[in-house]
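Let's look at how labels such as "buried" or "disulfide" are decided, one question at a time. Have the structure open and follow along.

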Amino acid sequence: MVYSLRCKVIVSGNARGMILATNQPINFLSSVDHSTGMIIDKNHDLCGHFLKNRVLVFPYAVGSSVGSYSIFALKSNGVSPLGIICTSKTDITTASGCAIADIPLLELYTDQEIPEFQKNVEGIIDGNSGVLQIKRI
Amino acid sequence: MIVDLTKEEEEALDGKYGQSISIAYKILVSIGKATDAERLIPVDWVHLSGVNYNTIGAAGVNFLRKYSQETRFLVPTTINPMGFDSHKQTNLSENFKSQQDQIVNAYEKMGTIPSFSCIPYELFQLPERGHNVSFAESNAAVIVNSVFGLHTNKESSLSALASAVTGKAPYSDLRISNLRDPKIEIEIDTELNTELDYGVLGYFSGKSVKESCVSFGAHINNIDMYKAKSLAAALGTSGACGMFSNKEITGEKISFGREEENSVMDELNTSESGDIIALGSPQLGMYELSLLSDMIGNKKFSKQCMIFCPRSIYEKASNSGIVQRLENAGANLICDACTCLSPLITPEEFDGVITNSVKAAHYLNKSNRVSVCLNDVRSIVKEYTR
């Protein structure tokens, strides 16, 4: 089964990887280990998961304005997501961090709904036409 | 929506003025798309975060070193605290100090005003209400929007940097007058007395709302600067919200009572006591320093105490004798730095930190990995001075 979802392009580019999804916002400064890309906030439902090589699907970033540098550091350290989808209003921290780190960033249009995620789901970001494909493998 | 650039802005994006300026426009266009801006507008003042080596790390240092080689700030630009007090001896590693120096050098090369403060709104003359600025440092963005009527979005370190080198920011969201009205209200069903109570309210609210402006109704009328800063800092730490207001609304309301207060305290109050008191996240201004000095009187702290404030406030407080009184009480006043992500507070050295700052509690727990005992400043002074 392949779903195609329409998105607004914030930072263009293409990416393909296994989806890592959460309904909780992320504080990129305090909740992520910048050298390993692991989510370390024990109050976060992705605690223990790694961002590396994933397509991160989350609502928006919260907290420190330095989170934009954190996204850049994740990329510099080779542990960043391949692409990011914001399911709510894209925040300035994520947008500027992705712009500088060249990480494709899309925002799901409000009339589009992501199906309930199962395990082993691949995300294919077309950051030129603004489409997210979701594929179970 | 497409951000409509002028011909000159297009050329700058395409690299006519060098790679650094092109990157800045790429950032402005991406945040413009994210916030549905139609165009860019000039800003009068930029405040940058991303100064403490503990926050931006080696990747940030490398970026800034290169970035500062070919670009300069076009508008007055102030900067956040760094990792330590440059006038005092520290036990920090040579590596930390040298990396921190490189960050400071890069910002100074670009022409920063060396404020090293997260409360620039208490240090400099503010533009008139309604003027556009670009403030990273979430407490400062929230305070200037909510208390002083300046217009800024909750900028990131990098988006504010892009504004500093171009003098521009997207015209969107909290920069548009009629989008500054709250769409959501927190209905407060508990007594708010201390600055800690307001911090707890802010932390809960940041987590609960995704709108850019939140109303607290009449509960924030006439609150003093200590409470306003505590509220703003906590709101900025837990959420994406960039402004609070007292305008009551007719739409959706979220209730905040004893249960919600307890849930925040359960998350952040992780120790019954501590071996050091840390005050100042945000940094303390004149008002809080003199309040603190009055509370302490002739007593002395029974534990180590660090107080963080901007250097210009320290000098003013020195002239009026407040610094001497606090130092006589045993406090260590630290300039240029802040409790939040301070490299001076590590789990190797301290088992627990006593503070009244919800923002500090968040970062001490989650980033510094030190347990925190949260209490209001009056109770801290009462319990730990004699």
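Q: Why is C98(A) called buried?
A: This is a predicted model, and in it C98(A) has a relative accessibility of 0%. Buried means under 20%, so C98(A) earns the label.

Q: What makes the sulfur of C98(A) too far from the closest cysteine sulfur for a bond?
A: The closest cysteine sulfur belongs to C86(A), and it lies 7.5 Å from the sulfur of C98(A). A disulfide needs two cysteine sulfur atoms within 2.5 Å, so this pair is too far for a bond.

Q: Why is the sulfur of C309(B) not counted as bonded to that of C335(B), its closest cysteine sulfur?
A: Try the rule again, this time in chain B. The two sulfur atoms are 4.5 Å from each other, and the cut-off is 2.5 Å, so they too are too far for a bond. C309(B) is also buried, because its relative accessibility is 0% and buried means under 20%.

Q: How many disulfides does this rule give over all chains?
A: The count is zero.

Q: Why is E10(B) called partly exposed, rather than buried or exposed?
A: Its relative accessible area is 35%. Buried would need under 20% and exposed over 50%, so a value in between is called partly exposed. You can find E10(B) in helix 1 of chain B, which covers residues 7-13.

Q: What makes the surface patch with E10(B) negative?
A: Its members are D4(B), E10(B), D14(B) and E38(B). Asp and Glu count as negative, so the patch is called negative. Patch residues must also have over 30% relative accessible area, and E10(B) passes because its value is 35%.

Q: What is noted about phi in D336(B) and L341(B)?
A: Phi is near 70 degrees in D336(B), a positive value in a residue other than glycine. In L341(B) phi is near 60 degrees, again positive in a residue other than glycine. These values are worth pointing out because most residues other than glycine have a negative phi.

Q: Where is D336(B), and why is it called buried?
A: D336(B) sits in the loop between strand 12 (331-334) and strand 13 (352-355) of chain B. Its relative accessibility is 3%, and the limit for buried is under 20%, so D336(B) counts as buried. L341(B) is in the loop between strand 12 and strand 13 of chain B, and its 6% makes it buried because it falls under 20%.

Conventions. Residues are numbered from 1 along each chain as its sequence is written. Chains are lettered from A and ligands numbered from 1 in the order in which they are written. This is a predicted model: local features need pLDDT of at least 70, side-chain atom pairs count only at pLDDT 80 or more; totals for chains, interfaces and linings use all residues. Side-chain values use heavy atoms; hydrogens and water are left out. Patches are made of residues with over 30% relative accessible area and no salt bridge: like charges are joined within 9 Å, nonpolar side chains (Val, Leu, Ile, Met, Phe, Trp, Tyr) within 5 Å. Accessible areas come from the Shrake-Rupley method with a 1.4 Å probe; for residues, only the protein chains shown count as cover. A salt bridge is a side-chain nitrogen of Lys or Arg within 4 Å of a carboxyl oxygen of Asp or Glu. The place of a charge is taken as NZ of Lys, CZ of Arg, CG of Asp or CD of Glu. Helices (H or I, at least four residues) and strands (E, at least two) are DSSP runs, numbered from the N terminus. Buried means under 20% relative accessible area, exposed over 50%, partly exposed in between (1.4 Å probe, protein chains only).
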